[in-house]
Each structure stands twice: as structure tokens, then as C-alpha cells.
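This report goes through a single protein chain, from selected helices and residues to the chain as a whole. Please keep the sequence and the coordinates at hand while reading.

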Amino acid sequence: MPTMKDVARLAGVSTSTVSHVINNNRFVSEAIREKVNAAIGQLNYAPSALARSLKLNQTHTIGMLITSSSNPFYSEVVQGVERSCYERGYSLILCNTDGDEERLNRSLETLLQKRVDGLILMFTENHLPSPETLSRYPAIPVVMMDWAPFAGVNDIIQENAFIGGRMATEYLIAQGYRRIACITGPLDKTTSTQRLEGYRQALQEAGMTRDAGLEVTGDFEFAGGLSAMQQLLALDERPDAVFAGNDAMAVGVYQAIYRHGLRIPQDIAVMGYDDIQLAQYMTPPLTTIHQPKDELGELAIDTLLHRMKAPDAEAQVLVLTPELVVRDSVAVKGKGNTR
């Protein structure tokens with residue numbers, strides 16, 4: 001592979017002159033510039049991005065660690081992060097932990113050794129990144145997305161899961177539903193417990209008694225929603241509405257209701273959470289809580305870039321507000337689908 005020295009030798013100039021031509025950061029006569037460009041073409045020389053990054057101490061790459069999941073929410077967030085990286089002149093290196101703690105820490109070490117300019121973490125709380133690994137790279141800023149605080153993280157970006165859970169349940173109550181079930185995500189994950197607390201708060205404020213039998217723990221995956229809904233349909237008195245802790249589980253809920261020969265929303269109303277792209281194409285289209293996924297990704301990148309420029313700035317916890325999206329899986333109780 002030809003080097004800058006090879007180009008300089010062929011063109012009969014110094015390596016610094018070649019550098020000035022390539023970077024266009026100092027005046028070089030047109031005659032010399034033509035000689036250098038001719039040598040570059042003849043040798044098929046390409047500047048080394050690695051050498052440049054070592055010189056500038058900046059790679060223009062962002063690393064991201066994420067848990068493997070069938071939940072489309074994560075892929076949509078990653079898409080938003082990658083788009084924001086591209087628009088700001090950065091590349092994204094994505095590592096999948098596959099739910100394995102050892103793989104998580106090995107991937108974390110790999111990203112940090114590759115001298116990424118910043119790091120985004122997005123995975124479940126029962127797999128913590130190694131504080132020792134992060135402490136060896138104190139200059140690299142870290143942003144945690146949609147997760148509880150963790151030592152070594154500069155900034156945290158999350159949605160208000162409690163408000164979202166309460167909003168979802170309040171809407172079901174407003175439509176006349178009284179036997180409302182809740183399928184949660186894993187209860188070692190803060191977003192799951194906060195959505196559950198929002199559900200409970202809405203019931204309490206409406207003067208409704210909480211029935212522990214209507215609370216079923218899921219896993220934020222399609223199959224978990226199916227299994228949880230089958231448990232609810234096996235009750236002596238089934239629910240008339242279900243709040244699924246995310247849209248992926250709502251897909252499983254739809255399947256369980258279909259297999260049971262029931263209809264949505266005539267027999268059971270279904271509320272989701274996340275507003276993944278699939279939600280609007282389900283039959284019927286899913287009423288859900290919208291998470292601003294593009295904004296989440298954009299904010300993560302901008303927060304990292306701000307941290308790079310101001311490494312000593314005070315740590316931030318940025319909270320995004322969820323929004324209700326009304327579609328056809330919830331109707332006024334007793335009136336079927338009114339839309």
C-alpha cells in the first residue's frame with residue numbers, strides 16, 4: 001500500500017507539501033499541486049483515516065451498544081441514531097450484546113480500544129457495563145439511553161415512562177373500561193416498573209380497586225405478549241381492556257385474542273406503548289403511546305457532541321414526553337369500533 005512518503009518521492013516534494021495538497025490547508029503553487037495529484041493518481045494513494053485520527057485525536061466515529069431483541073423499537077432508535085450521525089459527519093459502530101454480560105463487556109472494550117469519540121449505551125438493567133472498563137477511558141463521553149442512572153455515565157436520555165403508563169390507562173378508563181389488565185416488561189427494568197406505577201396511579205385516581213391478578217409480567221418481546229395474554233384469557237373473568245407495556249407485546253396480545261376467537265376492540269380493547277411503525281398497519285391499527293424515537297436518537301448524538309466540546313459540563317438527565325396516539329384498537333366501551 002503506497003504511503004505519503006512514496007507520493008512525495010515520486011512528485012519530488014516533501015511529505016509536508018503532499019499533506020498541504022491533500023488537506024488544502026496552505027498555499028501550494030498550481031504546478032506543484034499538479035505534480036502531487038499526478039503522483040497520487042499514479043500510485044492510487046488513499047490517505048490513512050487511522051493516521052489522521054491519531055494526529056487529530058479524533059476518529060469521527062460513535063460507538064453504540066444495544067441488546068439483541070425482536071422488538072422493532074430498538075432498530076427504529078438505532079436508525080435515528082445512525083441518521084443523526086451521518087448528518088453530523090460521524091460514522092456509527094454498532095455492537096450487539098445478545099443479552100450476554102461477557103459479550104457486553106468485550107464489545108465495550110473493543111469500541112473503546114477503537115478510539116470512538118463517544119459511546120451510547122442502550123440495554124436492559126440486569127446487564128451492567130463494567131465500571132472498571134469505563135474508568136480506563138475517562139475522556140470518552142458516555143450517554144445512556146432510556147435507562148436508570150449508572151456510575152460512569154455522563155448523561156442520561158429517557159422518556160417519562162410513568163406519565164406514559166398513566167396516560168395509557170387514563171384513556172382506557174375514559175372510554176368506559178373498568179377491568180383493565182397490564183402486561184409489564186421485565187420488572188428489573190426501570191421503564192417497566194414506571195409504566196406499571198403509572199397504570200396503578202391512574203386506577204387509584206379513578207377510584208378503581210387494583211386487581212393483582214390482572215398484572216402479568218412479560219418480557220417486551222412478541223412471544224411474551226402472547227403468553228401473558230393467554231394467562232389473562234384463562235381467568236374466570238377476563239379483562240375488557242389490556243395495556244401492553246410495549247407494542248411488541250401488543251402484537252402477541254393480538255395473536256392470543258385471535259386464537260381465542262375474540263375481536264378487538266369489540267370484545268377486548270388493546271393499548272400499546274412505543275408507536276413502532278408496525279402499529280399503524282396492524283388489524284385494527286393499534287392505539288398506543290408514542291415515543292419520539294428520532295428525537296431520542298438525535299438528542300443522544302447532540303448530547304455526546306456537546307459533551308466532547310464541554311467535558312466538564314454538569315451531567316444532564318433529559319426526559320422526553322410521550323404522547324397518546326388514538327387508533328382503532330380502543331373504542332368507547334359497548335359501542336365496538338366507532339372510528
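Which residues of H11 are buried? In this predicted model, the buried set consists of Asp-247, Ala-248, Met-249, Ala-250, Gly-252, Val-253, Tyr-254, Ala-256 and Ile-257.

**Two helices**

Helix H11 covers residues 247-259. From first to last C-alpha, the 13 residues of H11 reach 19 Å, close to the 18 Å expected at 1.5 Å a residue. The cover over the buried residues of H11 includes both helices and strands: helix H5 (72-87) and helix H10 (222-233), together with strands S6 (180-184), S8 (241-244), S9 (269-271) and S10 (288-290). After H11 comes Gly-261, with a positive phi near 75°.

Helix H6 covers residues 101-113 and also has 13 residues. The distance between its first and last C-alpha is 18 Å, close to the expected 18 Å. Buried in H6 are Leu-104, Asn-105, Ser-107, Leu-108, Glu-109, Leu-111 and Leu-112. These buried residues of H6 pack against strands S1 (61-66), S2 (91-96) and S3 (118-122), and against helix H7 (131-135). Just after H6, Arg-115 has a positive phi of about 60°.

**Backbone details**

Two residues other than glycine with positive phi sit in loops. Asn-44 has a phi near 55° and lies in the loop between helix H3 (30-43) and helix H4 (49-56). Asp-274, which is not a glycine either, has a phi of about 125° and belongs to the loop between S9 and S10.

Is Asn-44 buried or exposed? Asn-44 has a relative accessible area of 68%, so it counts as exposed, the cut-off for that class being over 50%. For Asp-274 the relative accessible area is 2%, and therefore Asp-274 is buried, since buried means under 20%.

The model also contains cis peptide bonds. One runs from Ile-264 to Pro-265, with omega near 0°, and Pro-265 is in the loop between H11 and S9. Another joins Thr-283 and Pro-284. Pro-284 lies in the loop between S9 and S10, and Asp-274 is found in the loop between S9 and S10 as well.

The backbone values are listed below.

| Residue or bond | Angle | Value |
|---|---|---|
| Asn-44 | phi | near 55° |
| Arg-115 | phi | about 60° |
| Gly-261 | phi | near 75° |
| Asp-274 | phi | about 125° |
| Ile-264 to Pro-265 | omega | near 0° |
| Thr-283 to Pro-284 | omega | about -5° |

**Two buried residues**

Ala-269 is in strand S9. Its relative accessibility is 0%, so Ala-269 counts as buried. Leaving out residues up to four places away in sequence, Ala-269 touches Leu-172, Tyr-177, Asp-240, Ala-241, Val-242, Ser-329 and Val-330. The C-alpha atoms of Ala-269 and Leu-286 are 9.7 Å apart, with 17 residues of separation in sequence.

Met-208 is found in the loop between helix H9 (190-205) and strand S7 (215-217). Why does Met-208 count as buried? Met-208 is buried because its relative accessible area is 14%, and the limit is under 20%. With residues up to four places away in sequence left out, Met-208 touches Ile-173, Tyr-177, Arg-178, Ile-180 and Leu-203. Tyr-177 is among the contacts of Ala-269 and also among those of Met-208. Between Met-208 and Arg-136, 72 residues apart along the chain, the C-alpha separation is 52 Å.

**The chain as a whole**

How many helices and strands does the protein chain have? There are 12 helices and 12 strands. The radius of gyration of the protein chain is 26 Å, whereas a compact globule of 339 residues would have one near 20 Å. Along the principal axes, the C-alpha trace spans about 90 × 40 × 30 Å.

Of the 339 residues, 50% count as buried. The exposed area of the protein chain is about 16,300 Å², of which carbon and sulfur atoms supply 49%. Taking contacts between residues at least 6 apart in sequence, 71% join residues at least 24 apart. The protein chain carries 31 positive and 40 negative side chains, and the centres of these two sets are 6 Å apart.

Terms used. Residues are numbered from 1 along each chain as its sequence is written. This is a predicted model: local features need pLDDT of at least 70, side-chain atom pairs count only at pLDDT 80 or more; totals for chains, interfaces and linings use all residues. Side-chain values use heavy atoms; hydrogens and water are left out. Helices (H or I, at least four residues) and strands (E, at least two) are DSSP runs, numbered from the N terminus. The expected span of a helix is 1.5 Å times one less than its number of residues. Buried means under 20% relative accessible area, exposed over 50%, partly exposed in between (1.4 Å probe, protein chains only). Contact means heavy atoms within 4.5 Å. The radius of gyration is taken over C-alpha atoms; the globule rule is 2.2 Å times the number of residues to the power 0.38. Accessible areas come from the Shrake-Rupley method with a 1.4 Å probe; for residues, only the protein chains shown count as cover. Lys and Arg count as positive and Asp and Glu as negative; His and the chain ends are not counted. The place of a charge is taken as NZ of Lys, CZ of Arg, CG of Asp or CD of Glu.
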